[in-house]
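This report is written for a reader who wants to move from the interior of a protein chain to single residues. Please look over the sequence and the fold before reading on.

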Amino acid sequence: MTIWTPELPEGGPRYRRIAEAIARAVESGDLAPGDKLPPQRRLADRLGVTIGTITRAYATAHRQGWVDSRVGSGTYVRQPLGEAPTSFRAGQPVDQGMIDMGMSLPPPHPLRSQGLQNALESLTASPQSLQAATEYQPEAGNEGQRARIAAWQGSLGLPDDPGRLVITQGGQHGIQLALQVLTQPGDLVAGDALTYPGFISAAQQAHLRPMAVPMDEGGMDLDALTRLCARQPPRALYTTPDLNNPTGARLDEARRRRLVALAREHDIWLIEDAVQYLPQAERGTPLVELAPERTLHIFSTSKVLAGGLRIGSLTVPVHLLERLGTAIRTQSWMVAPLMVETACRWMESPASQELLHWQIDELAARRTLALDRLAVHGARSRQGSSLVWLPLPAGRRSSELQTLLARRGVKVSTPEPFCMGSEPAPQALRLCLGPPANRDSLEKALSLIDEALSEAPSSPWQTL
């Protein structure tokens, strides 16, 4: 098989010339995102240099942001910035005519902007509430607002104890706070081999060491976790037990109880992320209910009301409240009282329930459309979910499909940003049913995906 071999100009250290050749090849398209570079020994033999020279060249290309190295797998061309684990496309404009199925967002509806407008009008009509919004509040939020958020969560079948609730600036802030109070730089933290990129990014920023736990169709492989814990248990474990993002896997009740038993045996903190909202009938027993003494439960308004509110919650053991308060005070003193009060008024409005009921029905209809069109390709989706996991057939690559679909007007996500560890990403796509403007737009995107999967693959490789 022909391997990529650069032509090296004269002058300068050879490792640097090789790194520069990698950069040129990526910029020109000769090396595409996700492409694997040649094994170091083979390229060294091909160029007549030492393995150390290739190692140094690959390390230089990694530092410059062109490639990623995966222990035991190799060196791969890094995904574009918009698809990197530390980058998110939320809030970035979508090209005109492009159908976005790459971001996990709730379906658009006029009730979202109307609900916000009504909440703001209600707030501005209350001089007392306006005055309170100009004043400093306790770090965890004032008692009344915590009780209102807890009551709303209780109506959704989520933790409802205001005495254990801390108000956060959204789910991502909840992850960051949990890691800040539970871990120190260098600690080991575990998660599914494929998991939410926001956790991966937060762990990197906190200088933590990731431990990827293998998965199967039922979610986290607890036999594998048991073996990993026997060698070195992690300080904390992040999990989305009701709906893995991106695969949609769910932990059954037996696995939840076994996970709790392992956490108690090895003194592991559990960070339970429930932001990916599912109807209560589609959820299992919360880990925070099974192990309240060691679980931090994360929720937010982003998948139910609106992501722009940036209001969420952490439900935690009582003895962590003071440490969390200190962390919030250090970062921002408190969550903005104006936004908290706005969110509370929206939560308490009957229109919020109307919006949620519409959203559940709408996502169910969209899910039916997606599975009807893509079932032949092995698409999977949990009941009540807005995510579709689409394994690719042999010979198809996720980066190739992503590029092809983008050219045809559909944005999708590859598994690469969701990789917790160093193992190569599976060849699959994650499709989000929420962002398309309506069902007609979704059907168009599904048709384009179906057509792309039915075609012969196109290779991104070009040799020099």
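The text below takes up the nonpolar cores, the cavities, the cysteines and then several individual residues.

## The nonpolar cores

The model is a predicted one, and its interior is a convenient place to begin. The largest nonpolar core has 28 residues, and those with the most contacts inside it are Leu179, Ile271, Leu296, Leu314 and Leu324. Two or more residues of this core are given by each of helix H7 (171–182), helix H8 (197–205), strand S9 (236–239), strand S10 (269–273), strand S11 (295–300) and helix H12 (321–331). Helix H7 provides the largest share of this core, namely six residues.

Leu324 can serve as an example of a core residue, since its partners beyond four places in sequence are listed in full: Leu324 touches Val166, Leu177, Val181, Leu314 and Val316. Apart from this largest core lies another core, of 25 residues, and among its members are Leu165, Phe299, Val304 and Ala343.

## Cavities

Rolling a probe the size of a water molecule over the atoms shows where empty space is left. The structure holds six cavities of 30 Å³ or more, and the largest cavity has a volume of about 90 Å³. Which residues line the largest cavity? The lining is made up of Leu158, Thr240, Pro241, Asp242, Leu243, Asp273, Ala274, Gln276, Tyr277, Leu278, Arg283 and Phe299. By residue type, this lining divides into seven nonpolar, two polar and three charged residues. Phe299 appears in the lining of the largest cavity and is also among the residues of the core of 25.

## Cysteines

A disulfide is a covalent bond between the sulfur atoms of two cysteines. How many disulfides does the model contain? The count comes to zero disulfides. Cys432 is in no disulfide, and the nearest cysteine sulfur, that of Cys419, is 16 Å away. With a relative accessible area of 1%, Cys432 is counted as buried because this value is under 20%.

Cys344, which lies in helix H13, is also buried, with a relative accessible area of 1%. Leaving aside neighbours within four places in sequence, Cys344 is in contact with Gln145, Arg148 and Ile149. The C-alpha atoms of Cys344 and Gln427 are separated by 42 Å, and these two residues are 83 residues apart along the chain.

## Residues with positive phi

Most residues other than glycine have a negative phi, and most peptide bonds are trans. Arg310 is not a glycine, yet it has a positive phi of about 55 degrees. Arg310 sits in the loop between S11 and strand S12 (312–315), where it is partly exposed, with a relative accessible area of 37%. Trp333, likewise a residue other than glycine, has a positive phi near 75 degrees. Trp333 is placed in the loop between H12 and helix H13 (337–348), and at 42% relative accessibility it counts as partly exposed.

## Three residues and their partners in space

The table sets sequence separation beside the C-alpha to C-alpha distance for three pairs.

| Pair | Apart in sequence | C-alpha to C-alpha |
|---|---|---|
| Trp66 and Ile22 | 44 residues | 7.6 Å |
| Glu265 and Pro233 | 32 residues | 9.8 Å |
| Met215 and Ala193 | 22 residues | 6.5 Å |

Trp66 is found in the loop between helix H3 (51–63) and strand S1 (67–70). Beyond four places in sequence, Trp66 touches Ile22, Ala23, Val26, Glu27, Ala61, Tyr76, Val77 and Arg78. Even with these contacts listed, Trp66 is partly exposed, with a relative accessible area of 23%.

Met215 belongs to strand S7 (residues 215–216) and, at 24% relative accessibility, counts as partly exposed. Its contacts, leaving aside neighbours within four places in sequence, are Asp192, Ala193, Leu194, Asp221, Asn244 and Thr247. Ala193 is thus both a contact of Met215 and its partner in the table, at 6.5 Å.

Is Glu265 buried or exposed? Glu265, which lies in helix H10 (residues 253–266), counts as exposed because its relative accessibility of 59% is over 50%.

Terms used. Residues are numbered from 1 along each chain as its sequence is written. This is a predicted model: local features need pLDDT of at least 70, side-chain atom pairs count only at pLDDT 80 or more; totals for chains, interfaces and linings use all residues. Side-chain values use heavy atoms; hydrogens and water are left out. On a 1 Å grid over the protein atoms alone, a cavity is a set of points where a 1.4 Å probe fits but cannot get out, and a pocket is an open set with protein on both sides within 12 Å along at least five of seven lines; lining residues have an atom within 4 Å of a point. Grid points are joined across faces, edges and corners, and a volume is the space filled by probe spheres set on the points. Ala, Val, Leu, Ile, Met, Phe, Trp, Tyr, Cys and Pro count as nonpolar, Asp, Glu, Lys and Arg as charged, and the others, Gly among them, as polar. A nonpolar core is a set of buried Ala, Val, Leu, Ile, Met, Phe, Trp, Tyr and Cys residues joined through side-chain atoms within 4.5 Å. Buried means under 20% relative accessible area, exposed over 50%, partly exposed in between (1.4 Å probe, protein chains only). Helices (H or I, at least four residues) and strands (E, at least two) are DSSP runs, numbered from the N terminus. Contact means heavy atoms within 4.5 Å. A disulfide is a pair of cysteine sulfur atoms within 2.5 Å.
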